[in-house]
Amino acid sequence: MALKKHILCLFALVFGASLTLQAQDLESVGTFAGGVSAGLTATQISGDNLAGFHKVGATAGVFANCVLADQPKFGLKLQLEMNFVMKGSHSYTPPSQPVDPMSKYVLNLGYIEVPVLFRFRFARITIRNRSDFELEAGPAFGIHLYTRERDAYGAVVGRPEFKWWELSMMGGLSYRFKEHHAVTLRYSNSILPVRKPTWAVNQTVKMQFNSVLYLIYSYQF
């Protein structure tokens with residue numbers, strides 16, 4: 001209960017900062033700004049013997065950033081985010097094969113994720129509106145909120161629990177097509193296992209890692 005209170009306080013802090021951090025020139029060195037984001041996720045669990053990003057989910061959150069460098073040919077920002085992210089895994093049968101109802105498997109995971117990203121602007125195009133292209137990379141710390149695991153027989157029991165935390169690395173490409181609007185394609189993968197096998201309970205469960213593809217729209221105030 002205390003951990004959830006700390007998470008809510010941190011979320012409120014970042015959200016409040018994202019609403020209050022505004023500036024006339026968003027690209028001046030030392031400028032702080034904030035915003036909101038939302039998007040879709042496609043996920044898989046490495047180590048569950050189900051290959052492919054077949055689990056579709058959603059993500060939403062807030063962010064705040066600071067301009068560290070701004071030159072005509074490049075720019076650099078440090079960005080802190082707090083996002084709710086849906087992760088997990090889903091069985092998949094190719095259309096060319098008959099569907100086996102007994103092979104059904106769905107794993108739903110929910111996380112609060114806090115990425116710390118360096119965003120490098122490597123190109124700027126100005127025609128009618130200024131458009132920026134940015135590369136991003138950095139670590140992310142996640143708090144596990146819930147697990148829902150089901151197969152053809154119903155809720156799965158007796159398997160090892162997921163860790164309450166996650167450490168991952170992420171990277172992506174962002175296209176800011178107006179001063180306040182951007183679209184980002186991002187990928188993240190757990191550095192350490194999010195689930196370890198417990199030999200006394202279930203010998204078939206391998207070490208598992210979260211892999212996530214993100215498509216995110218963001219609005220910077």
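Q: What volume does the largest cavity have, and how is such a space found?
A: Rolling a probe the size of a water molecule over the atoms shows where empty space is left. In this predicted model, the largest cavity has a volume of about 100 Å³, and a search of the whole structure finds two cavities of 30 Å³ or more. A cavity here is a set of points, on a 1 Å grid over the protein atoms alone, where a 1.4 Å probe fits but cannot get out, and a volume is the space filled by probe spheres set on the points, which are joined across faces, edges and corners.

Q: Which residues line the largest cavity?
A: Lining residues have an atom within 4 Å of a point, and here they include E81, R119, T184, R186 and I216. The elements giving two or more residues to this lining are β3 (75-90), β8 and β9, and β3 gives the most, with three residues. Strands are DSSP runs of E with at least two residues, numbered from the N terminus.

Q: How do the side chains of β8 point?
A: Along β8 (residues 181-190) they alternate, with A182, T184, R186, S188 and S190 pointing to one face and buried, while H181, V183, L185, Y187 and N189 point to the other and are not. Buried means under 20% relative accessible area (1.4 Å probe, protein chains only).

Q: In which sense, parallel or antiparallel, do β8 and β9 run?
A: Two strands pair if DSSP finds at least two bridges between them; β8 and β9 (residues 209-220) run antiparallel, joined by nine bridges, and Y187 stands opposite L213 in β9.

Q: How are residues numbered and values filtered?
A: Residues are numbered from 1 along each chain as its sequence is written. Local features need pLDDT of at least 70 and side-chain atom pairs count only at pLDDT 80 or more, while totals for chains, interfaces and linings use all residues, and side-chain values use heavy atoms, leaving out hydrogens and water.

Terms used. Buried < 20%, exposed > 50% of the residue type's maximum accessible area, 1.4 Å probe, protein only. Helix = DSSP H or I, 4+ residues; strand = E, 2+ residues; numbered from the N terminus. 1 Å grid on protein atoms, 1.4 Å probe; cavity = no way out; pocket = protein on both sides within 12 Å on 5 of 7 lines; lining within 4 Å.
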